[in-house]
Amino acid sequence: MPYSHLNDYPADIRERAARIRLACFDVDGTLTDGRLTFDSNGREYKSFHVQDGQGLSLLRKAGIAVHFVTARGGAIAAHRAAELGATSHGDVKDKLVCVKLIAEGLGLTLEQVAFMGDDLADLRILPHVGLAVAPANAHAWVRERVHWRTHARGGEGAARELCDLLLGAQGHAEDILHGALG
């Protein structure tokens with residue numbers, strides 16, 4: 001059965017998705033649900049959705065670079081990125097500058113970049129990328145400034161929705177489904 005969900009997206013979003021070669025993700029509120037959990041010793045914990053991880057891995061296998069770009073630092077995001085074969089950039093003060101440098105290093109334009117974010121630290125980059133995306137529960141100031149919003153909330157499969165869109169728009173979904181079905 002062919003990947004039938006691609007036509008659920010507006011034509012302009014499919015066209016934007018077809019051009020993406022670099023997918024950048026904020027971490028807190030996008031790849032996680034945004035809650036920060038600390039134990040009594042001050043150790044921080046985050047939860048990541050396994051389906052998001054699968055999607056990020058599939059993007060990489062399809063030749064789309066995956067980078068985490070977060071204003072918060074910490075080993076947790078770096079560890080999760082490394083586990084997925086992605087690259088993590090922490091303590092980023094200006095996400096636009098960071099993503100421009102990543103894109104330039106890969107020989108890409110910002111038109112070939114997708115960025116998913118959910119709050120104030122993400123606002124500056126959104127107008128500059130080829131596909132700006134927010135999870136369903138992003139702050140209103142972000143939701144009104146993106147090209148597309150997912151149905152899922154941050155940390156609950158929102159990143160997988162973007163991954164599936166990119167994979168479908170670029171013709172990779174059929175092969176992935178065929179491989180999974182044997």
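## A tour from the cavity outwards

Begin by selecting L31, F48, H49, D52, G53, L56, F68, R80 and L84, the residues that line the largest cavity of this predicted model. The elements that contribute two or more residues to that lining are α2 and α3, and α2 gives the most, with three residues. Colouring the selection by class shows five nonpolar, two polar and two charged residues. The cavity itself has a volume of about 40 Å³, and the count of cavities of 30 Å³ or more comes to one.

Next, select helix α3, which spans residues 75-84, and pick out its buried residues, A77, R80, A81 and L84. These residues lie on the same side of α3, because they cover an arc of only 100° around the axis. In general, an α-helix has 3.6 residues a turn, so residues three or four places apart point the same way. If you now show what covers the buried residues of α3, you will find that it includes α2 (50-61), β4 (65-69) and β5 (87-89). Rotate to the face of α3 turned away from this buried side, and the exposed residues A75, H79, A82 and E83 come into view. Continue along the chain to G85, just after α3, which takes a positive phi of about 80°.

While α3 is still on display, select I76, which is also found in this helix. Is I76 buried or exposed? At 25% relative accessibility, it falls between these classes and counts as partly exposed, since the buried class is reserved for residues under 20%. Leaving out residues up to four places away in sequence, I76 touches E44, Y45, K46 and F48. A C-alpha to C-alpha distance drawn from I76 to L162 spans 22 Å, for two residues 86 places apart in sequence.

Return now to F68, one of the residues lining the largest cavity, and display its surroundings. With neighbours within four places in sequence set aside, F68 is in contact with F25, V27, L31, L56, A77, R80, A81, L84, A86, T87, S88 and H89. F68 also belongs to the largest nonpolar core, of 34 residues, in which F25, F68, L131, L162, L165 and L166 touch the most other members. To trace this core through the fold, select α1 (11-18), β1 (22-25), α2, β4, α3, β6 (113-116), β7 (131-134) and α6 (158-169), the elements that give two or more residues to it. The largest share, eight residues, comes from α6. Apart from this core lies another, of 23 residues, and V92, L96, L110 and V142 are among them.

From there, move to D91, in the loop between β5 and α4. D91 has a positive phi of about 55° although it is not a glycine, and with a relative accessible area of 48% it is partly exposed.

The last stop is helix α4, residues 95-105, whose buried residues are K95, L96, C98, V99, I102 and A103. Looking down the axis of α4, you will see these residues fall within an arc of 160°, so they line one face of the helix. They pack against β1, β4, β5 and β6. Turning α4 to the face directed away from its buried side brings up the exposed residues L101, E104 and G105.

Technical notes
Residues numbered from 1 in each chain as written. Predicted model: local features only at pLDDT ≥ 70, side-chain atom pairs only at ≥ 80, totals over all residues. Heavy atoms only, no water. Buried < 20%, exposed > 50% of the residue type's maximum accessible area, 1.4 Å probe, protein only. Helix = DSSP H or I, 4+ residues; strand = E, 2+ residues; numbered from the N terminus. Arc of directions from axis to C-beta. Contact = heavy atoms within 4.5 Å. 1 Å grid on protein atoms, 1.4 Å probe; cavity = no way out; pocket = protein on both sides within 12 Å on 5 of 7 lines; lining within 4 Å. Points joined across faces, edges and corners; volume = space filled by probe spheres on them. Nonpolar A, V, L, I, M, F, W, Y, C, P; charged D, E, K, R; others polar. Core = buried A, V, L, I, M, F, W, Y, C linked by side-chain atoms within 4.5 Å.
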